[in-house]
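Visitor: I should like a close look at a single strand in this assembly. Please begin with how well it is covered and what it pairs with, and then place it in its wider setting.

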Amino acid sequence: MVYSASLNVRSTKNRDMIDITGDVAEVVGSSGIADGLVLVFTTHTTTGLYINEHEGGLVDDVESVLSKLVPPRAGYRHDRVDDNAAGHIQSILMSPSLVIPVEGGRPVLGTWQALFLAERDGPRSRTVKIKVMGE
Amino acid sequence: MVYSASLNVRSTKNRDMIDITGDVAEVVGSSGIADGLVLVFTTHTTTGLYINEHEGGLVDDVESVLSKLVPPRAGYRHDRVDDNAAGHIQSILMSPSLVIPVEGGRPVLGTWQALFLAERDGPRSRTVKIKVMGE
Amino acid sequence: MVYSASLNVRSTKNRDMIDITGDVAEVVGSSGIADGLVLVFTTHTTTGLYINEHEGGLVDDVESVLSKLVPPRAGYRHDRVDDNAAGHIQSILMSPSLVIPVEGGRPVLGTWQALFLAERDGPRSRTVKIKVMGE
């Protein structure tokens, strides 16, 4: 069994971390699939997905580290085409694709795990594809 | 067909790399699934998964690079709440979730590939969820 | 339903970014699976997979950032065994494994998304495993 959905996620800042845990859980609940897995996939090249704790200080720390590792406008060739190379490369350090187990009709996440869409070139409207597979 | 299992993994140091390749292969073997995929998922926010060579020097190098890229106690806001921000952020540079092909009832790994649970805030007892799907 | 294929990918330089988007789409098309997901998995420890824009300047930028974050021959212990530690560690910052949704018999990728095999220790012949699952 395969169940599909799309999330429309609107970022409100140039760099933004948006918690989509609840949206993904809702899609899994609607799928009627009790046991299997859920694929979450962002269709953009300046966003990434990551799973970690939703604590405001930590979210800011993740921002700081991404900007330190891949600083904006550090002489990138792609910035001559489009002023967002750092956003592309930061996205690669995360992932476009995450797969989470499903049990009892819910994504199996640990107590502190939340799923974030990391916007690296907003504000924009973004599409996240979801596939639930199982039985 | 979906087959599920959990691994209990005990780390013995604050930062520890634990090879779980054999445990995952054993679960796949028990599943009765010959052809498909296996999802390995850590339910924690200060652990990550990675696949690479199990050579002692290289495992130490991975440790060094993670500590260089995201040094412990470098003024993180999350350290005011809980003294482990670097462990959270290092985990994001790896992944909570890896999917491996299954053929002939075994995970398809290359000659040098081993699967590690990277502990970033131990020693602790950790839970890794495994889902085998296929036919 | 499960459909399997292998790609043989030949890199031509020591560090090389090879766009395999078309090859993966072709496998999905051949699978007869309309709706589900495709797993792309590299069986090597000095290659990684990433999805991002195929613009020449950006591909060079990704190279530069990987070399800045994990510089070759920076005193790694593994270099005493085999002179390629940086290639292993750069691979870990990407992923060995990516899962992409499939709809209408095609991988669902955004306008600017291309899938790259990042060679970090070539030139070599590389094997990428593909599994399409769905209905």
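Guide: The part to examine is strand β7 of chain C, residues 114-119, which is mostly covered: five of its six residues are buried. The model is a predicted one, with an ipTM of 0.97 and a pTM of 0.98. For chain A, the pLDDT averages 98, and 100% of the residues score at least 70.

β7(C) has pairings with two strands to describe. Strand β2 of chain C, residues 16-19, runs antiparallel to β7(C) and is joined to it by four bridges. Within that pairing, C:D16 has C:E119 of β7(C) as its bridge partner. Strand β4 of chain C, residues 47-52, is also antiparallel to β7(C), and six bridges join these two strands. Here C:L115 of β7(C) is the residue that stands opposite C:I51. As a general point, strands of a sheet pair through backbone hydrogen bonds, either parallel or antiparallel.

Chain C also has an open sheet of five strands, in the order β1-β8-β3-β5-β6, with antiparallel pairing. Its edges are formed by β1 (2-10) and β6 (106-107) of chain C; each has a single partner strand, so one side of each is left without a neighbour in the sheet. The partner of β6(C) is β5 of chain C, residues 97-103, to which it is joined in antiparallel fashion by two bridges. One residue pair locates this connection: C:E103 is bridged to C:R106 in β6(C).

Chain B has an open five-stranded sheet as well, in the order β1-β8-β3-β5-β6 and with antiparallel pairing. In chain B, β1 (2-10) and β6 (106-107) are the edge strands, each pairing on one side only. Further inside that order, β3 (residues 36-42) and β5 (residues 97-103) of chain B run antiparallel and are joined by six bridges. In this pairing B:L39 faces B:V99, a residue of β5(B).

The relation between the chains comes next. A turn of 120° with a shift of 0.0 Å along the axis lays chain C on chain B, with an RMSD of 0.0 Å. This is the relation of a three-fold axis. Within chain C, the residue that comes closest to the rotation axis is C:L93, whose C-alpha is at 3.5 Å. The two copies use different surfaces, in that 19% of the contact residues of chain C recur in chain B. Chain A is likewise superposed on chain C by a rotation of 120° with 0.0 Å of shift along its axis, at an RMSD of 0.0 Å. In chain A the residue closest to the axis is A:L93, with its C-alpha at 3.5 Å. Only 19% of the interface residues of chain A are also interface residues in chain C, so these copies meet through different surfaces.

The contact between chains C and B takes 27 residues from chain C and 31 residues from chain B. On the side of chain C that touches chain B, at least two residues each come from β1, β3 (36-42), α3 (85-93), β5 and β8 (125-134) of chain C. The greatest contribution to that side is made by α3(C), with six residues. By class, that side of chain C comprises 14 nonpolar, nine polar and four charged residues.

The contact between chains A and C takes 27 residues from chain A and 31 residues from chain C. The elements of chain A that each supply at least two residues to its side of this contact are β1 (2-10), β3 (36-42), α3 (85-93), β5 (97-103) and β8 (125-134). Of these, α3(A) gives the most, with six residues. The side of chain A that touches chain C divides into 14 nonpolar, nine polar and four charged residues.

Finally, there is the nonpolar interior. The largest nonpolar core has 128 residues, and the members that touch the most other members are A:V38, A:V40, B:V38, B:V40, C:V38 and C:V40. For A:V38, neighbours within four places in sequence being left aside, the contacts are A:V24, A:V28, A:I100, A:V102, A:P107, A:I130 and A:V132.

To return to the strand requested, β7(C) has five of its six residues buried, and it is joined antiparallel to β2(C) by four bridges and to β4(C) by six.

How values were computed: Residues numbered from 1 in each chain as written. Chains lettered and ligands numbered in written order. Predicted model: local features only at pLDDT ≥ 70, side-chain atom pairs only at ≥ 80, totals over all residues. Least-squares fit on C-alpha atoms with pLDDT ≥ 70 in both. Contact = placed C-beta atoms within 7 Å. Pairing = 2+ DSSP bridges. pLDDT = per-residue confidence, 0-100. Nonpolar A, V, L, I, M, F, W, Y, C, P; charged D, E, K, R; others polar. Core = buried A, V, L, I, M, F, W, Y, C linked by C-beta atoms within 7 Å. Buried ≥ 20, exposed ≤ 12 C-beta atoms within 10 Å, placed from the backbone.
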